[in-house]
Amino acid sequence: MALLLRFLLLCGIVGFTRSLSITTPEQMIEKAKGETAYLPCKFTLSPEDQGPLDIEWLISPADNQKVDQVIILYSGDKIYDDYYPDLKGRVHFTSNDLKSGDASINVTNLQLSDIGTYQCKVKKAPGVANKKIQLVVLVKPSGTRCYVDGSEEIGSDFKLKCEPKEGSLPLQYEWQKLSDSQKMPTSWLAEMTLSVISVKNASSEYSGTYSCTVRNRVGSDQCLLRLNVVPPSNKAGLIAGAIIGTLLALVLIGVIIFCCHKKRREEKYEKEVHHDIREDVPPPKSRTSTARSYIGSNHSSLGSMSPSNMEGYSKTQYNQVPSEDFERTPQSPTLPPAKFEYPYKTDGITVV
């Protein structure tokens, strides 16, 4: 026995078993998104371990597309925790005195991207040891919604559905009746643990308040459903009402179209009449009317004149009318020529 012990000492095997070791076993930890994960790493030192203490945590992401990356490091009595951007500010050592043998860490506000394999490495020369921990982040069921898919009428078929907005698989469902006899219909028992219950030939006894609980390994959520099975509605009356409403709507649309068309025709007619009136209006006749009034006034005085002085007066008076008034052709209808009656004498009396 002494020879064997001596042989082991010479080979250094005994010294190796007494060197630095991590006592925490490898394990898998499951936590919910948003929670804090505690990753343990306890170690012991031997008298032979005299070198500086170095502690290093690494992560191997679950997608296996990235190499192992350091997330936190203790070296030279200092802590460095800004190596991994995805965990910056969310990973911390749990102990204030790492030399006491506790290199455990906390990862706060867990995200799905934190899933992976974490490795704790402790080195104090000549001792070196490491352990791996598998971290799984799950999502609790939340935002669960219960509803009826179909018509809640006696004799009809419909479905009761329970749907969580989010939640990691696998999910477990449990239906319960909370009101009345709190006894589920016998035909539903086979579907009590499913997300959907198919109801056939519904009866008023099915009415009541139901609950659906959704669970997974990290949490649960619940929703309530009020089921009210009523007699069938008067479908013939609904159809007749729909038809009458449609006909009334069509009549109203026809009246509106007719009124709009009539109004447009009236506006078009008014525009055409107004345009015709403007074309028939003669142009201004300022100078022509002035000339006519001038001739008319002189014409009235001709009747009282004798033939002896008629010739001289006519030449003189007509020469005073501006020539430009006669050069412009009037557009209005021409007046009939004035008739001049010359005075004559009979039996010594002048007759006009």
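Tutor: Before we start, one term: helices (H or I, at least four residues) and strands (E, at least two) are DSSP runs, numbered from the N terminus. Keep in mind that this is a predicted model.

Student: Thanks! Where is G155 found?

Tutor: Look at the two strands on either side of G155. One is β12, spanning 145–149, and the other is β13, spanning 158–163. G155 is found in the loop between β12 and β13.

Student: Is G155 buried, partly exposed or exposed?

Tutor: Buried means under 20% relative accessible area and exposed means over 50%, with partly exposed in between. The relative accessible area of G155 is 41%. That value falls between the two cut-offs, so G155 is partly exposed.

Student: Leaving aside neighbours within four places in sequence, which residues is G155 in contact with?

Tutor: Let's begin with N201, which is 46 residues from G155 in sequence. In space, the C-alpha atoms of G155 and N201 are 4.2 Å apart. With sequence neighbours within four places left aside, the contacts of G155 are N201 and A202.

Student: Let's move to β16. How many of its 9 residues are buried?

Tutor: Strand β16 covers residues 208–216. It is largely enclosed by the rest of the structure, because the buried residues in this strand number 7 of the 9.

Student: Which strand pairs with β16 over 9 bridges?

Tutor: Two pairings are worth comparing here. Strand β14 (residues 172–177) pairs with β16 in the antiparallel sense over 6 bridges, and Q176 stands opposite S211 of β16. On the other pairing, also antiparallel, V214 stands opposite D221, and β16 forms a hairpin with its partner, with 2 residues between them. The partner over 9 bridges is β17 (residues 219–227).

Student: Now the interior. How many residues does the largest nonpolar core have?

Tutor: In soluble globular proteins, nonpolar side chains tend to be buried together. Here, the residues with the most contacts inside the largest core are L39, I55, W57, I71, I105 and V122. Elements giving two or more residues to this core include β5 (53–61), β6 (69–75) and β10 (116–124). The size of this core is 30 residues.

Student: And how many residues are in the other core, the one with W175 and I197?

Tutor: This core lies apart from the largest one. Its members also include C223 and L227. Its total is 22 residues.

Student: Finally, what share of the protein chain counts as buried?

Tutor: The chain has 6 helices and 19 strands. It has 352 residues, and the share of them that counts as buried is 30%.

Definitions and conventions
Residues numbered from 1 in each chain as written. Predicted model: local features only at pLDDT ≥ 70, side-chain atom pairs only at ≥ 80, totals over all residues. Heavy atoms only, no water. Buried < 20%, exposed > 50% of the residue type's maximum accessible area, 1.4 Å probe, protein only. Contact = heavy atoms within 4.5 Å. Pairing = 2+ DSSP bridges. Core = buried A, V, L, I, M, F, W, Y, C linked by side-chain atoms within 4.5 Å.
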